[in-house]
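Here's a quick tour of some side-chain pairings and the packing around them. Have the model open as you read.

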Amino acid sequence: GYSFWKVEYKYNDELKQRFMTNNLISGFFNRLERARKYAFGNLLTLGEDNDNMIWGYFIVRGLEVPEEVTDAADYESFNWTPADHKDPKTRAEIEDCFAWEGPSLPRECYDGKTFK
């Protein structure tokens, strides 16, 4: 089976320019290369310069985050929280995350990246 995980960057207060935040997501995805067969997800850059955040959802094979993901150097910089995709609020967040827009996003979406 598969499971959904909400992914949030732990150090959002340290993020400055939005393009730099996007580069941080790109670097994380580069280090997740081994996980391509096990994970699919979106991480979004939300907010404005000097006040932005990284937020998103991943779908992974299995009920736990696979070793191919946890071995990535940046894994510890993110909170991975299991998400109940049957809950209407969570389902709306997942839909808006994958659409890169919508009322359930915590902030306005600047840009995002898809890991596939």
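In this predicted model, the side chains of Glu93 and Lys6 are joined by a polar contact of 3.4 Å. Glu93 sits in helix H3, which covers residues 88–99. Leaving out residues up to four places away in sequence, Glu93 touches Lys6, Trp55, Tyr57 and Ser104. Is Glu93 buried or exposed? Glu93 is buried, because its relative accessible area is 8%, and the cut-off for buried is under 20%.

Glu93 also forms a salt bridge with Lys89. Both residues are in helix H3, four residues apart, or about one turn of the helix. Unlike buried Glu93, Lys89 is exposed at 58% relative accessible area. Salt bridges with shared partners tie Lys6, Lys89 and Glu93 into one network.

The whole structure has nine salt bridges, including these:

| Pair | Closest N to O |
|---|---|
| Arg18 and Asp49 | 3.4 Å |
| Asp51 and Arg107 | 2.7 Å |
| Glu93 and Lys89 | 3.2 Å |

Arg18 in helix H1 and Asp49 in the loop between S2 and S3 are 31 residues apart, so that pair links distant parts of the chain. Arg18 is buried at 18%, while Asp49 is partly exposed at 35%.

Now for the packing. The largest nonpolar core has 21 residues, and Leu43, Phe58 and Trp80 have the most contacts inside it. Strands S1, S2, S3 and S4 and helix H1 each give two or more residues to this core. Apart from it lies another core of eleven residues, among them Phe4, Met53, Tyr57 and Cys97.

Notes
Residues numbered from 1 in each chain as written. Predicted model: local features only at pLDDT ≥ 70, side-chain atom pairs only at ≥ 80, totals over all residues. Heavy atoms only, no water. Buried < 20%, exposed > 50% of the residue type's maximum accessible area, 1.4 Å probe, protein only. Polar contact = N/O pair within 3.5 Å; in protein donor to acceptor, adjacent residues only side chain to side chain. Contact = heavy atoms within 4.5 Å. Core = buried A, V, L, I, M, F, W, Y, C linked by side-chain atoms within 4.5 Å. Salt bridge = Lys/Arg side-chain N within 4 Å of Asp/Glu carboxyl O.
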